[in-house]
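Me: Hey, I'm new to this one and could use a quick walk through it. Can I throw some questions at you while we look?

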Amino acid sequence: MTTMFGETGAKATGKSGGSGFIGSFVKSLAFVMVCGIVGPIFLVMYFVIDEPFIEWMFWTGLGVTILNVVIAFFIARASARFKAKMARMQVSGHMALADITSLAQTNVEINDQPVMKLGLRIHGDDVGTFDVEIRKTVPIVAQAMLHRRVLAVLVDPATKEFEIDWQATGMVTGSVPAQFTSTEDGRTYDLTGQPEPLIRILEVLRKYGVANSGTIDLRANPHARAEVMGIVRRYSGGAPGPVSPYGAQFGTQQYGTPAPAGSPSGAASLIKPGTPKSLTDRLNELDALFSSGRIDAAEYQQARQRVLGEF
């Protein structure tokens, strides 16, 4: 059994489809009609009230009602296109990491949620590294995650279209615990806050159509279970895992392990020029060194600036 997010009671489900354009249109029309109810009211008043010089009510009510229908149509069409895009990306896309290279306010809010200007460097298995700058509405509950400087995204490698998965971001940033319990060896592995293995696990779940929330029981899905536990054991120092069927061999980096005797200090070895590690890897190792007390706050800040400067 694989336990993620430290929650219980949630069941894993496969990909779910939307209600279709008609259903979305009806919902949108109902909402818009409530906001623009003056149109239908004027129409009713025109046919009920027998008074001269009220023709303006008919034309005004008709115009507002038609405008409501047009607005609802475009809202439904945009929603249907977004759902179609996400359905396509669930099939052809891959989970990847997006390192935040820049972050700025725009002084714009949508529904009381700030619109942020984000510079991202997206990379992952089967996803070529590329840089992009976007303006994105950030949910209030997700704003604290931005300080970890990494996001989980679903990417279409062919078109480079992507969407931020805020729920998965909570997992890779360590905002919520990610624990994996194996009934085979009776152990619980904790990969909380380790983006590299977690994004690979999220990719396995996407590939097999397993929802990435709540408590997930993979005993009924042996292939997904084998791949997930292979990643878990390799990154937690257990038995070697298999080669990823969707990318390169999984790494063996363990976070927060002491440096061998006689080796350079943790901060020095972390920023050694030419080290073939991603920005996320190196920042995570630096966080682990600071958390374990092997470097102080000043060394942490200096090393972080040097790592970011190299990228």
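Me: Which residues of helix 3 are buried?

Reply: This is a predicted model, to say that up front. In it, the buried residues of helix 3 are Met57, Gly61, Thr65, Asn68, Ala72, Ala76 and Met89.

Me: And what do those buried residues pack against?

Reply: They pack against helix 1, helix 2 (38-48), strand 5 and strand 6.

Me: How many residues does helix 3 have, and how far does it reach?

Reply: Helix 3 has 38 residues. From its first C-alpha to its last it reaches 56 Å, close to the 56 Å expected at 1.5 Å a residue.

Me: Which strands does helix 3 lie across?

Reply: Helix 3 lies across strand 2 (94-110), strand 5 (150-156) and strand 6, and it runs at about 100° to strand 6. Helix 5 (residues 195-207) also packs on the sheet, where it touches strand 2, strand 3 and strand 5. The direction of helix 5 makes about 100° with that of strand 2.

Me: OK, the sheet then. What order do the strands come in?

Reply: The order is 4-3-2-5-6: five strands in an open sheet, with antiparallel pairing. Strand 4 (127-137) and strand 6 (161-164) are at the edges with a single partner strand each, so one side of each has no neighbour in the sheet. From one strand to the next, the twist averages 30°.

Me: How many bridges join strand 3 to strand 4?

Reply: Nine bridges join strand 3 (residues 113-124) to strand 4, and the two run antiparallel. Take glycine 119: its bridge partner in strand 4 is glutamate 133.

Me: What about strand 5 and strand 6, how many bridges there?

Reply: Four bridges, again in the antiparallel sense. One pairing is valine 155 with phenylalanine 162 in strand 6. Strand 5 and strand 6 form a hairpin with four residues between them, and lysine 160 in the turn has a positive phi of about 65°.

Me: Switching to helix 1. Which of its residues are buried?

Reply: Ser24, Phe25, Ser28 and Val32 are the buried residues of helix 1. They cover an arc of only 100° around the axis, which puts them on the same side of helix 1.

Me: Why would residues three or four places apart point the same way?

Reply: An α-helix has 3.6 residues a turn, so residues at that spacing point the same way.

Me: Got it. Which exposed residues are on the face turned away from the buried side of helix 1?

Reply: That face carries the exposed residues Ile22, Lys27 and Val34. As for the buried residues of helix 1, what covers them includes helix 3 (55-92). Helix 1 (residues 20-35) has 16 residues and reaches 23 Å from first C-alpha to last, close to the 22 Å expected at 1.5 Å a residue.

Me: Zooming out, how many helices and strands are there?

Reply: The protein chain comes to nine helices and nine strands. It has 311 residues, of which 41% count as buried. Among contacts between residues at least 6 apart in sequence, 62% join residues at least 24 apart.

Me: Last one: what's the average pLDDT of the protein chain?

Reply: The average is 76, and 78% of the residues score at least 70. Over residues 1-18 the pLDDT is below 50, and that stretch has 60 contacts in the model beyond near neighbours in sequence. Over residues 238-275 pLDDT stays under 50 too, and the model has 67 contacts beyond four places in sequence for them.

How values were computed
Residues numbered from 1 in each chain as written. Predicted model: local features only at pLDDT ≥ 70, side-chain atom pairs only at ≥ 80, totals over all residues. Heavy atoms only, no water. Expected span 1.5 Å × (residues − 1). Buried < 20%, exposed > 50% of the residue type's maximum accessible area, 1.4 Å probe, protein only. Arc of directions from axis to C-beta. Contact = heavy atoms within 4.5 Å. Pairing = 2+ DSSP bridges. Axes fitted to C-alpha atoms, helices over the stretch in contact; angles between N-to-C directions. pLDDT = per-residue confidence, 0-100.
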